[in-house]
Amino acid sequence: MSKIVDKKVALLTGGASGIGRATAIAFAKRGAAVVIADADAKNGEAVAVDLRERFGAHALFIHVNVTDPASVQNMVQTTVNQFGGLDYAFNNAGVPDGSTSLRVSTQGNWDRVMSVNLEGVWHCMKAELDHMLAAEKGAIVNNASRSGLVGVPGDAIYGAAKHGVIGLTKAAAVEFASKGIRVNAVCPGLVDTALTRAKFGDDLIPRSRLANPLGRMAQAEEIAEAVVWLCSDAASFVVGVALPVDGGATAR
Ligand SMILES: NC(=O)c1ccc[n+]([C@@H]2O[C@H](COP(=O)([O-])OP(=O)(O)OC[C@H]3O[C@@H](n4cnc5c(N)ncnc54)[C@H](O)[C@@H]3O)[C@@H](O)[C@H]2O)c1
């Protein structure tokens, strides 16, 4: 296993489940200290214990609500206090669109998706950049989506939030590249996680056969590999990209 992120400090929101959990494991396997930040304390603590037991990793769970700027500030400050710095941040916490169509969507759907998926990323980037700018180094990866690159039926609010995540990513990338900080986004297609199982139910497997040229869902580990690479020095000249990891869904 390549040690491309050895001895770095990686902070992941939404690290208790799905893509965040798989990315926490991928960082720990490569020798990084990992902070799992999530609103779900039970599963988040369990991931931290797993990383310590299986990989001997420095791993810590921090409770966070990404919609609350004070909670986000605490997450970043605790990371720096406990591990002495912050090298990589994966802003990944997210929720699905609660509506099935723009026509039936509600103010409640809008408020929830925008506050977690877009405003939450903004809060996190602000707090992370404070520390990275002081250190004059760092890498941020935001989790957008295929729905941030193209229109997906039934995903209007979610798609608007994810297009916004890519906007935040590109603007920050060009603003802070000269300060030693790289900012990029990853754009997964359909991934087998709790989020997609809850959203699509029995329709998930048939839907995944049509979702992309590979004819299957991604496993969360396949997204995690892209995130680790984007954070690492192996991607030292990659700035401001919205990288599709979608089995070719947006290529056709
Ligand atoms: N699964 C997919 O097919 C897919 C595709 C494209 C993009 N994404 C994006 O990937 C990210 C992770 O999704 P996943 O599929 O792994 O979902 P998941 O439901 O398995 O994990 C999401 C995690 O985010 C946490 N979370 C939710 N709201 C939070 C809040 N306010 N504060 C802190 N933590 C919070 C949850 O507790 C959970 O642990 C999301 O941003 C999602 O939009 C997922």
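Strands β5 (residues 138-143) and β6 pair in the parallel sense over six bridges. Helices (H or I, at least four residues) and strands (E, at least two) are DSSP runs, numbered from the N terminus. Two strands count as paired if DSSP finds at least two bridges between them. The model is predicted: local features need pLDDT of at least 70, side-chain atom pairs count only at pLDDT 80 or more, and totals for chains, interfaces and linings use all residues. Residues are numbered from 1 along each chain as its sequence is written, and side-chain values use heavy atoms, with hydrogens and water left out.

Within the β5-β6 pairing, I140 stands opposite V183 of β6. Helix α5 (residues 156-176) joins β5 and β6 in a right-handed β-α-β unit. Right-handed means that, with the strands pointing away from the viewer, the path from the first strand over the helix to the second runs clockwise. Strand β6 also runs parallel to strand β7 (residues 242-245), with four bridges between them. Here A185 has A242 of β7 as its bridge partner.

Strand β6 spans residues 181-188, and eight of its eight residues are buried, so the strand is largely enclosed by the rest of the structure. Buried means under 20% relative accessible area (1.4 Å probe, protein chains only). In a regular strand the side chains alternate between the two faces of the sheet. Both faces of β6 are covered. I181, V183, A185 and C187 are buried on one side; R182, N184, V186 and P188 are buried on the other.

A second unit involves strands β2 (residues 33-38) and β3 (residues 59-63), which pair in the parallel sense over five bridges. V35 has L60 of β3 as its bridge partner. With helix α2 (residues 41-55), β2 and β3 make a right-handed β-α-β unit.

Notes:
Buried < 20%, exposed > 50% of the residue type's maximum accessible area, 1.4 Å probe, protein only.
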